[in-house]
Amino acid sequence: VQDLAGEELVRLELKDNAESINVTNGTRIILEVEGGDEGYAVDFEIVNGKLRVRVVRENKSYEIGIEQILPLLFGDKEVYFGVKDLGKNNAVVSVGLKEESVRAEIGTKARAIIYILIGVVVMLIFVIGSLLYRFIKRNY
């Protein structure tokens, strides 16, 4: 399948695991939903710091921000879109049939921040505990 400019379109067959793809303004992909008999054309555009997703057949657009999830219905299957990274001219999008797998793909930044915060709290507890132990040992 080719677009109007004669370039080959990316075909993405969706299964249980999420797939990540790089998109730019005007990228069109064909989504093939597992168990379905037809593909769905989806266009991507980056507008005002958000990714606009447009299902060509519906002629409707949806906007999604970084680390957000957008569920859309394709036939009788729900397909989840997530934005992992978003720049001025390109984005990394995760697409899948299971919300959990898409969340796992896009949640790396938030998860890293949580691990860093947990590490800082553990270090503070260790330092405070050590200081209290020395204080108690010295005074008793």
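# A tour from helix 1 into the sheet and cores

Begin by selecting serine 101, whose place is in helix 1, where helices (H or I, at least four residues) and strands (E, at least two) are DSSP runs numbered from the N terminus. The model on screen is predicted, so that local features need pLDDT of at least 70 and side-chain atom pairs count only at pLDDT 80 or more, while totals for chains, interfaces and linings use all residues. Residues are numbered from 1 along each chain as its sequence is written, and side-chain values use heavy atoms, with hydrogens and water left out.

Stay with serine 101, which counts as buried because its relative accessibility is 18%; buried means under 20% relative accessible area, exposed over 50%, and partly exposed in between, with a 1.4 Å probe and protein chains only. Leaving aside neighbours within four places in sequence, serine 101 is in contact (heavy atoms within 4.5 Å) with Asp16, Asn17 and Ala18.

Next, select the whole of helix 1, residues 99-106, which lies across strand 2, strand 7, strand 8 and strand 9 and runs at about 5° to strand 8. Axes here are lines fitted to C-alpha atoms, for helices over the stretch in contact, and angles run from 0 to 180 degrees between N-to-C directions.

Now show the strands beneath their own selection: 4 of them form an open sheet in the order 2-9-8-7 with antiparallel pairing, two strands being paired if DSSP finds at least two bridges between them. The edge strands, each pairing on one side only, are strand 2 (19-24) and strand 7 (69-74), and the twist averages 30° from one strand to the next.

Within this sheet, select strand 8 (residues 77-86) and strand 9 (residues 90-96), which pair in the antiparallel sense over 6 bridges; aspartate 85 has valine 92 in strand 9 as its bridge partner. Then turn to strand 7, which 6 bridges join to strand 8, and where proline 71 stands opposite tyrosine 80 of strand 8. Strand 7 and strand 8 form a hairpin with 2 residues between them, and glycine 75 in the turn has a positive phi of about 70°.

Finally, colour the largest nonpolar core, which has 26 residues, those with the most contacts inside it being Leu31, Leu51, Phe74 and Phe81; such a core is a set of buried Ala, Val, Leu, Ile, Met, Phe, Trp, Tyr and Cys residues joined through side-chain atoms within 4.5 Å. A second, separate core of 5 residues includes Ala18, Tyr80, Val102 and Ile106.
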